[in-house]
Amino acid sequence: MHIPFCEEVCPYCDFAVVAGRDQLASRYGQALVAEIRSAEEWGPLEAVNFGGGTPSRMPAGLLERILGELSSRFGLREGAEVSLEANPEDWTLQKAESLAAAGFNRVSLGAQSFDAEVLSYLGRRHTPTQIVGAVAAARQAGFASVNLDLIMGSPSESAASWTETLRMALEANPDHLSTYSLTVEPGTILWRTVRAGASPPDPDRQAECWDEADRECARSGLVRYEVSNAARPGHPCRYNLSVWGQGEYLGFGNGAHSFRDGRRWENLRGLERYLDTVEAGRSPNRRFELIEGWAAETERVLLGIRRRAGVRAGRAGEALWESPRGRELHRAGVIGLHGDRLVVDRPLLTDEVSRAILAIPPPESAGLGNIPVPGG
């Protein structure tokens, strides 16, 4: 469920979001309900994720209604993961209790940093104290799992600052910690700033940040199960694991993506156009493509190597292993073949492995893949 509303657009954000448009929340909620009701039969659901944007900016009663519509239309498996993203400044005990009562059991808090200077650079509005208070509110309300998101390696962040951010994040005792490198996405405020001469993030410094996070998470009992994510036993994000395992998912809302029966499609990105289309009784779906043959096999391995457990090698993994570049990566200790599973043993070089996989020419018998679906 994509919720696009934000107080301000962060300088690094390239998502389908809008700022200062909270007055459209009720109208948007009605459109989500209509889109859910018009969806094909499917279910029950194993995981539900309300992402954004900032889902916590929507009234709790509206979020409850949307979740109730999902449950009525598709059903939820017993013990399903029902998660939402929230900003610490929006997250009160009252809101947390209302959402827990509505059926939400996991919250992902956009902490990003515990350094006030870094938070200002990133365009964030909360304070370090509010992060700690948000975790406590989630615990008191009965949320079963709490995640903290951190962004590492911004030019405003020193080595000491990152060390302190990690210390404070882990002392807050989250069940899950996500650590992402700051990236400069085309068209963002940050992109324009860097083009104007500002310093970009330093990838070597970001690599050092990742190594430190990996060590400190391990010391605190959080196990890295994916390149950017670590969790206590029993708390990995099921929604994300499904995506990395090439599982099927439905997306609702402007800019949302879906994958089912080998087809992938996306919704209209612009908020007003999405609303007008759904309110006119038309589908907001667009850009259908069929993922099959070599394209599906390559995508399976590209997604799967992000996991610490790796992925069944299959045709694409074996082709990589036997290629000249694959042999180089193996000799360098970057990849390994453990039984029938291809594993990236040096996770910081996952992107390099991905490029090597994409460079493998498809075998003639593998099928074409990525065939546009008529009428999409």
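Strand 7, helix 6 (residues 159–171) and strand 8 make up a right-handed β-α-β unit. Keep in mind that this is a predicted model.

Let's stay with strand 7 for a moment. It covers residues 145–152, and eight of its eight residues are buried. What about its two faces? On one side S145, N147, D149 and I151 are buried, and on the other V146, L148, L150 and M152 are buried too, so that both faces are covered. Strand 7 also has a parallel partner in strand 6 (residues 106–112), with five bridges between them. Within that pairing, Q112 has L150 of strand 7 as its bridge partner. Strand 8 is another parallel partner of strand 7, this time over six bridges, and here L148 stands opposite L177 of strand 8.

L177 also leads us to an enclosed space, since it is among the residues that line the largest cavity. How many cavities of 30 Å³ or more does the structure hold? There is one, and the largest cavity contains about 80 Å³ of space. Its lining also includes W210, D214, R224 and E226. Strand 8 (176–181), helix 8 (203–219), strand 9 (223–226) and strand 10 (229–231) each give two or more residues to this lining. Which element gives the most? Helix 8 does, with four residues.

The second largest pocket is worth a look as well. Its lining counts 20 residues, and E35, S38, A39, S283 and N285 lie nearest its centre. The elements giving two or more residues to this pocket are helix 1 (25–38), strand 11 (257–260), strand 12 (263–267) and strand 13 (285–290). Here are the two spaces by volume and lining class:

| Space | Volume | Nonpolar | Polar | Charged |
|---|---|---|---|---|
| Largest cavity | about 80 Å³ | six residues | three residues | three residues |
| Second largest pocket | about 340 Å³ | eight residues | seven residues | five residues |

Finally, there is an open sheet of three strands, paired in the antiparallel sense and ordered 14-16-15. Why is one side of strand 14 (311–312) and of strand 15 (335–338) left without a neighbour in the sheet? Both stand at the edges with a single partner strand each, so one side of each stays free of a neighbour there. Strand 15 pairs with strand 16 (residues 341–344) in the antiparallel sense over four bridges, and H338 stands opposite R341 of strand 16.

Terms used:
Residues are numbered from 1 along each chain as its sequence is written. This is a predicted model: local features need pLDDT of at least 70, side-chain atom pairs count only at pLDDT 80 or more; totals for chains, interfaces and linings use all residues. Side-chain values use heavy atoms; hydrogens and water are left out. Two strands pair if DSSP finds at least two bridges between them. On a 1 Å grid over the protein atoms alone, a cavity is a set of points where a 1.4 Å probe fits but cannot get out, and a pocket is an open set with protein on both sides within 12 Å along at least five of seven lines; lining residues have an atom within 4 Å of a point. Grid points are joined across faces, edges and corners, and a volume is the space filled by probe spheres set on the points. Ala, Val, Leu, Ile, Met, Phe, Trp, Tyr, Cys and Pro count as nonpolar, Asp, Glu, Lys and Arg as charged, and the others, Gly among them, as polar. Buried means under 20% relative accessible area, exposed over 50%, partly exposed in between (1.4 Å probe, protein chains only). A crossover is right-handed if, with the strands pointing away from the viewer, the path from the first strand over the helix to the second runs clockwise.
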